Structure formats: structure tokens, C-alpha cells
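User: Hello! I'd like a close look at one strand and its surroundings. Here is what I have in front of me.

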Amino acid sequence: MSGSKEDSRRASSDWRDFFWNPRTHELLGRTGTSWGLVLLFYLIFYLFLAGLFALTMYILLLTLDDYKPTWQDQLDTPGMMIRPKGDQLEIRFSVSDPESWNGFVQNLNSFLTSYNDSHQVQLNDACSPDQYFIQEDSGEVRNNPKRSCQFNRTMLGDCSGMEDRFYGYSKAQPCILIKLNRVIGMLPGKDGQSPYVTCGAKKEDREKMGPLTYFPVNATFNLMYYPYYGKKAQVNYTQPLVAVKFLNASLNTDINVECKVTSNTLMAGSERDKFAGRVSFKLRIDGQEDQ
């Protein structure tokens, strides 16, 4: 029994000596000098890693252009988006309940502020339609900031919010704005033919959608708004828009709508990417049917 206690005391003493040995002044089996050398090694090691990281980042930044991405995905067809967005690309409202569509109206008002004619005339140029607005750099001399072409809000006609401040939502004739996503350097047409938008209902909803009208009347993204040179190089750029107005859509039913862009240079959208060159959304207008 006494031997067991002696062994236990010896093991405890060995553990205390390993943690701190007062005779050799060792901590965890190392002297102060040894610990100093270990800490010095790791300090130098991590300083080297930090310096190497900083050097590689510096070299990487030297290869970047402030105005144009060094590497850019080659998109066959850019994506499309609508305004107002709605909840998960669903435009649903009741004609008799202004609160149900007031948010859509406010969204459109906010989005179209930069398209006001006075704003566009002040900042952008009146360009020649149906041709690209090319602004090349001169060698190493940057032609920045680059100018942009006017897209006046009044070009959207009944969907401009100028003639009808409710964009048709109070009359069960809602307006939807469509835009093509920005891609630097994209040339979306040739031979003076601009890409244009067409909208239609899915097969089961075709009879529900009713007639449509487009603004501008030819429903095109005119070539004069291309190419796009980037947000920093072309600070006043405003994307061209196409507005579609539903004139007599069926009430109290879901209508699945798909809008797509057609161009003689852009490839048709892929089935694997539902936003490539097209956008799908659901429209539902609740109201009282005419008897």
C-alpha cells in the first residue's frame, strides 16, 4: 500500500518538474533560450509568409485595369431582368386595392428617376440611332470618361409614368420594364439591326394574356447604347429599356409570361439557364370581371 502511494507521489513530482523544473529552470522541458529560439523561428516564418502574400497581391494588382476587367467570361447571351421585380418575379395585385400595387409604382418611380428627360439632356448625348457609339482609346491615352447616349423617359410612352402616374396598375393594364444585363464590350447586333424583345405566355396561358403593346414601339435595345465600357469609364451610362403593357389580361388567374431577346449576333438562350436572353415571371391581376 505504501509503495503505491510512493509511486503516486513520484509521478506527481515528475509532472510538476516537467511543467517547471526549478533546478534547471526549464518550462515544459525547454529552457528560456530554447523557447526564445522557437518563438523567433515562428516570428520570422510568419513574417515571411505575410511578406510573400503581400508581394503576390501587389503583383496581381499591377496586372489589373481600373477601367476594364483583365479577365471576362464570354457570355453567349446576357441575362434579362424586369422592373418592378415583385416577390420572386411575381407581379400580383388587386386593382381595387391601391396598397397592393403602390409598391410597384414606387419601385418604378425610383428606378426611372435617372431616365428623366432633363437629367438625360444634361448628362448624355443625342446619338445617331442604329449604329454603335464607338469610343476607342488612343494607344496608351485613355478616352475617359466616355460619353453615353440619351435614353429619355418619355420614350416609354404610356409606361413612362408621365401620362399615367400609376403605370396602368390602377386600370388592370400594368407596365413591366425589361432590361438586358450589362456586359462590357458586347456588340448585340450587326448590319444596323438592333436586338428586340418579344413577350408571350406559356402554352397553357396564351388565351389569358391578351394583346400587348411595346415602348419604344419597335421594342428594341438600339445599337447606339453599345458597346458598354464599364461603370468607371462610362459613369453616366443608362441602360436602354423596353416596356411591355398588358392591355386586356384575364383577371383572377395566374399568367406565366416569358420575354426574350432576339438578335442576329446573340445565341438563343439555353434551357439550362432560364435567364440567358430571357426572363420569366408570373402575372396575376385580381379584380371584378365585367358582366
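Which residue in E11 stands opposite Glu-258? Please take me through that part of the sheet, and then out into the rest of the fold.

Analyst: Happy to! The residue opposite Glu-258 is Ser-280, in E11. Please keep in mind that this is a predicted model. The mean pLDDT of the protein is 88, and 89% of its residues score at least 70.

Let's begin with the strand that holds Glu-258. E10 covers residues 254–262 and belongs to an open sheet of four strands, ordered E5-E11-E10-E7, in which the pairing is mixed. At the edges are E5 (90–94) and E7 (196–201), each with pairing on one side only. From one strand to the next, this sheet twists by 20 degrees on average.

E10 has a partner on each side. With E11, residues 278–286, the pairing is antiparallel and runs over seven bridges. With E7 the two strands also run antiparallel, joined by six bridges. Glu-258 appears in both pairings: Ser-280 is opposite in E11, and Gly-200 of E7 is opposite on the other side. One position along, Cys-259 is the bridge partner of Cys-199.

Now for the two faces of E10. In a regular strand, side chains point alternately to one face of the sheet and the other. E10 shows this nicely: Ile-255, Val-257, Cys-259 and Val-261 make up the covered face, while Asp-254, Asn-256, Glu-258, Lys-260 and Thr-262 make up the uncovered one. Glu-258 therefore sits on the uncovered face, as alternation along a strand would have it.

The covered face offers a way into the interior. Val-257, one of its residues, is in contact with Phe-246. Apart from its close sequence neighbours within four places, Phe-246 also touches Ala-172, Gln-173, Pro-174, Ile-176, Met-209, Pro-211, Leu-212, Phe-281 and Leu-283. The largest nonpolar core has 57 residues, and those that touch the most other members are Tyr-169, Ile-178, Phe-246 and Phe-281. Helix H3 (residues 98–112) supplies the largest share of this core, with six residues.

From Phe-246 we can step across to a second sheet. Phe-246 falls within the range of E9 (residues 241–246), the element with the highest mean pLDDT, 97; the lowest, 61, belongs to helix H1 (residues 2–19). E9 is part of another open sheet of four strands, in the order E4-E6-E9-E8 and with antiparallel pairing. Its edge strands are E4 (80–83) and E8 (212–215), which each pair on one side only. The average twist here is 25 degrees from one strand to the next. H3 packs on this sheet, where it touches E4, E6 and E9, and its direction makes about 40 degrees with that of E6.

Within this second sheet, four bridges pair E4 with E6 (residues 175–180) in the antiparallel sense, and Ile-82 is opposite Ile-178 of E6. Ile-176, in strand E6, counts as buried because its relative accessibility is 0%, under the 20% limit. Beyond its neighbours within four places in sequence, Ile-176 has contacts that include Ile-82, Arg-83, Pro-84, Ile-91, Tyr-169, Val-244, Phe-246 and Phe-281. Among these, Phe-246 in turn touches Val-257 of our starting strand.

The contact with Pro-84 leads to a backbone feature. The peptide bond from Arg-83 to Pro-84 is cis, with omega near -5 degrees, and Pro-84 is placed in the loop between E4 and E5. Another cis peptide bond runs from Tyr-226 to Pro-227, where omega is near 0 degrees; Pro-227 lies in the loop between E8 and E9. That loop also holds Ala-219, a residue other than glycine whose phi is positive, near 55 degrees. Ala-219 is buried, at a relative accessible area of 4%. Tyr-167, likewise not a glycine, has a positive phi of about 55 degrees and is found in the loop between helix H4 (117–123) and E6. Tyr-167 counts as buried too, with 0% relative accessibility.

To put this in the setting of the whole protein, there are five helices and 11 strands, and 36% of the 291 residues count as buried. Of the contacts with a separation of 6 or more, 76% are between residues 24 or more positions apart.

Terms used:
Residues numbered from 1 in each chain as written. Predicted model: local features only at pLDDT ≥ 70, side-chain atom pairs only at ≥ 80, totals over all residues. Heavy atoms only, no water. Pairing = 2+ DSSP bridges. Axes fitted to C-alpha atoms, helices over the stretch in contact; angles between N-to-C directions. Buried < 20%, exposed > 50% of the residue type's maximum accessible area, 1.4 Å probe, protein only. Contact = heavy atoms within 4.5 Å. Core = buried A, V, L, I, M, F, W, Y, C linked by side-chain atoms within 4.5 Å. pLDDT = per-residue confidence, 0-100.
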